[in-house]
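Let's take a walk through this structure together. Have the sequence and the 3D view ready.

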Amino acid sequence: MKIKLFFTGFSLFIAAISYGQSTQIRGFLDVTGAYNKKATFGFGEQDLYITSAISDRISFLGETVFRYDSEAHSEFAISIERVIITYNLKGNHNLVLGKIHTPLNYWNDTYHHGRVLFPTIDRPLLFSQNIIPLHTLGAGFEGSNLGKMKFGYNVFVGNGLGSSEVEDNDRAKSVTVAMHIKPVDRLRLGLSYYYDVISAGADVHGMDVDHLVNQHLISASVARFGKKFELLTEMTTALNHTDTTGTKTTLAGYIYAGYKIKEKYVPYVRYDNIQYQNGEMYYTKNNRQSFVAGFRYEINYLAVVKLEYQHIANEFGLDVNKVTAQFAIGF
Amino acid sequence: MKRTTTLISIFSGKSAFIKYCFLTGCFIFTLSGKAQQTTLTAIGNISGVPAEMKQSELKAVLMGETQRWKNGKRVVIALMKTNTPLGKTTSTKIYDMSGDELNKYWLSLVFQGKSQAPVFFTSVSELQNFVSQNPGAIGIIDKPVAISDVRSVIIDGKASF
């Protein structure tokens, strides 16, 4: 199935070339060294993305990630992260088809696999703990920079959680509605809503869902990347309803702050918190808090070095203390 | 009083070396000041790009916030590379960013699929040719030009800013 998607993207890429349109292939990669009771080295995902203007109104973006996977035959897995065909309807309004980063949160939509763009080494727990659906496959509309407040919106209908890359597993569709404004330069305020019905028996993130779940996600974000001070905070409230447990609420969020000493040197901190209500059945309940303090050296816009200390406090299991260094590049 | 005396002693020819250094320093200071004060001109293909714009509209276009011109032509942005003197001035004066910040801005925007990347050039003549050959193309150079299919765009009533 993934191979089908890969060939769809590849066909569009070839089509773009034959039309003589501008096509670019770029990517991201990172190498890390970490210390957590022992020193270890590793490299992260190798992310390749293709952008192409197919015609005056049609454009394509494909993103493929190659990553280590101990269960894969070759110990590496290929993941089609995004296949997006955009048709410009009028002005700044577009029709979007394909697999997208669910536009619920600033981080997920802005950075995702671009670690050279990440302000910290890793994603916040909000994204690594599967609180929100990172991807959605479907169709929708988007608009941006409308009016004086630079209003933007996304309305997207997708297959929803539990679906495969090529078909829906049930009749229910996920719905994402997101909006944001940029009232002044370097400031973005966002608000979003997601609804999905997850069928009993669905396989979500490698786990079987026992009961039908009605999920509502409400997210808010504030992103301010000034010339000196950087602030990014997001909060998601997840309401998961099952007939047996009723509605259970999970709160997940983080706050990041950085300060540019000079243009290239940025010390930063980040605090994450996830709190599950007792009786939560859809998520794996394990209240977690994380504190990160680090330093970022931006050699240039394509090469960034970060050094970071992270403490994770788990409700179940041992706390984690680690020091990580990362060299992230774009190419 | 003391400062005036010092200046007089420098110009009185007591030390030719100090005099040379002082004049060279003045010359370099003047040149660097002039580099920062380079005026910019927006040029556009006559198909799509309007003859006059406000500074805020120009900035919105060059930030990738406007996808289409009023006649429906796609906005195509042409810029000097950020490591050229003109590219540096463009980054600072229009985007209020350093060259690296501007490159990162576009890397992020293109990665998100929100915009097509600008086309970057190392010479003004290449940029002008690109703008003349591509309907909807707008670019930033240092002085007005008069070549076929390209117009200098008046920004806030001025040819240069």
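We start with the sheet, then turn to a helix and the chain contact.

This is a predicted model, in which local features need pLDDT of at least 70, side-chain atom pairs count only at pLDDT 80 or more, and totals for chains, interfaces and linings use all residues. Residues are numbered from 1 along each chain as its sequence is written, while chains are lettered from A and ligands numbered from 1 in the order in which they are written.

In chain B, six strands (DSSP E runs of at least two residues, numbered from the N terminus) make an open, mixed sheet ordered β2-β6-β1-β5-β3-β4; strands pair if DSSP finds at least two bridges between them. At the edges stand β2 (52-53) and β4 (119-121) of chain B, each with a single partner strand, so one side of each has no neighbour in the sheet. Strand β3 (residues 76-80) of chain B runs parallel to β4(B), with three bridges, and A78(B) sits opposite V119(B).

Now for helix α4 (residues 85-95) of chain B, helices being DSSP H or I runs of at least four residues. Its L86(B), G87(B), T90(B) and S91(B) are buried, meaning 20 or more other C-beta atoms, placed from the backbone, lie within 10 Å of a residue's own. Right after α4(B) comes D96(B), with a positive phi near 55°.

Finally, chain B brings 18 residues to its contact with chain A, which brings 23 residues; residues are in contact if their C-beta atoms, placed from the backbone, lie within 7 Å. On chain B's side, helix α5 (residues 99-111) gives the most, with seven residues.

Notes:
Contact = placed C-beta atoms within 7 Å. Buried ≥ 20, exposed ≤ 12 C-beta atoms within 10 Å, placed from the backbone.
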